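Here is my note on the model you sent round. The points are numbered so that you can reply to each in turn.

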Amino acid sequence: WLKSDFPTHRLRRSNSWRRLAMGQAGQQRSRQKKICNKKTVKKVKSTVEKKAPKLRKNIQPGQILILLASKFRGKRVVFLKQLESGLLLVTGPFALNGVPLRRVNQRYCIATSTKVDLGGADFKSITDSYFSQEKTGKKGLKGQEKFFAAEAPKKVLPQEKKDGQKKTDDAIIKGLGNDVKSYLKSRFSLSANMYPHELKF
């Protein structure tokens, strides 16, 4: 028989019935789910030690700084030394403006041109561990327990820290004049028509 004598319409119908019976290839593929094994990435601890930032050239021991952050912003303080963490150790002194020994980031300080004599104040024993806070057992309370828990007692500064604060401040205050004392007591602030970039500290 010749190719032209074969009924092509029957072949087309048979192929269509086969597709309906067996389903299309795309439908079968969609039913199959591939399960991939997730690769576990091991975390490697970095052995690079963090270096403390360098102290700015215009900040030296005895320099008077202006704080720009925290609850003491605008206060003038005396810079003592840079700690191992890179933070600055400063004091008010506390007897003059109420600023205790505290750590400050040098980014949030303005160095002034005024410098005072530290008077042989001993603050070598003051490190970052001096400012570590004691852990309280009330931190883990949640929900109703935290709401109905009794109020925590106010933090009381240990007597050792009070004595160290007074000893450091007394050595510094002895060498201060009346004009410098009034300068430390005053708070820095900007008023109308005052521009920080035009001021000379």
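1. Helices and strands here are DSSP runs, numbered from the N terminus; a helix has at least four residues and a strand at least two. With that, the pattern along the protein chain reads α-α-β-β-β-α-β-β-α-α-α. That makes 6 helices and 5 strands. Please keep in mind that this is a predicted model.

2. Next, the chain as a whole. It has 201 residues, and 24% of them count as buried. The accessible surface comes to about 17,200 Å². Carbon and sulfur atoms hold 53% of that surface. Among contacts with a separation of 6 or more, 63% join residues 24 or more positions apart.

3. The strands form one open sheet. Its order is β4-β3-β2-β1-β5, and the pairing is antiparallel. β4 (102-104) and β5 (109-115) stand at the edges. Each has a single partner strand, so one side of each is left without a neighbour in the sheet. On average, neighbouring strands are turned by 45° against each other, direction ignored.

4. Helix α6, residues 178-185, packs on this sheet. The helix touches β1, β2 and β5. Its direction makes about 95° with that of β2.

5. Now β2 in detail. This strand spans residues 76-82 and is mostly covered, with 5 of its 7 residues buried. Strand β1 (residues 63-67) runs antiparallel to β2, and 3 bridges join the two. I64 has V78 of β2 as its bridge partner. V78 also has a bridge partner in β3, namely T91.

6. What lies between β1 and β2? The loop there holds K71. Is K71 buried or exposed? K71 counts as exposed, because its relative accessibility is 69% and the cut-off for exposed is over 50%. V99 lies 28 residues from K71 along the chain, and their C-alpha atoms are separated by 9.9 Å.

7. β2 pairs with strand β3 (residues 88-91) through 4 bridges, in the antiparallel sense. Q82 stands opposite L88. K81 stands opposite L89. The two strands form a hairpin with 5 residues between them. In this hairpin G86 takes a positive phi near 100°. When you look at the turn, G86 is the residue to find.

8. β3 deserves its own point. In a regular strand the side chains alternate between the two faces of the sheet. Which residues cover the faces of β3? L88 and V90 lie on one side, L89 and T91 on the other, and all are buried. Both faces of β3 are therefore covered, given that buried means under 20% relative accessible area. On to the next strand: 3 bridges join β3 to β4, again antiparallel. L89 has R103 of β4 as its bridge partner.

9. Turn to the aromatic residues. How many aromatic pairs does a search of the whole structure find? The search gives 1. The pair is Y130 with F131, and its geometry is edge-to-face. The ring centres are 5.0 Å apart, with 80° between the planes. F131 counts as buried, because its relative accessible area is 17% and the cut-off is under 20%.

10. Y130 has a further partner. The charged end of K161 sits over the ring of Y130, 4.8 Å from the ring centre. K161 belongs to helix α5, residues 159-173. In sequence, K161 and Y130 are 31 residues apart; in space, their C-alpha atoms are 8.8 Å apart. K161 counts as partly exposed, because its relative accessibility is 22%, which lies between the cut-offs of 20% and 50%.

11. To close, three places to look at on screen. One is the edge of the sheet at β4 and at β5. Another is the hairpin of β2 and β3, with G86. The last is the ring of Y130, which pairs with F131 and has the charged end of K161 over it.

Key:
Residues numbered from 1 in each chain as written. Predicted model: local features only at pLDDT ≥ 70, side-chain atom pairs only at ≥ 80, totals over all residues. Heavy atoms only, no water. Buried < 20%, exposed > 50% of the residue type's maximum accessible area, 1.4 Å probe, protein only. Contact = heavy atoms within 4.5 Å. Areas by Shrake-Rupley, 256 points an atom, 1.4 Å probe, with all protein chains shown as cover. Phe/Tyr/Trp six-rings, centres within 6.5 Å; stacked < 30°, edge-to-face > 60°. Lys NZ or Arg CZ within 6 Å of the ring centre and 35° of its normal. Pairing = 2+ DSSP bridges. Axes fitted to C-alpha atoms, helices over the stretch in contact; angles between N-to-C directions.
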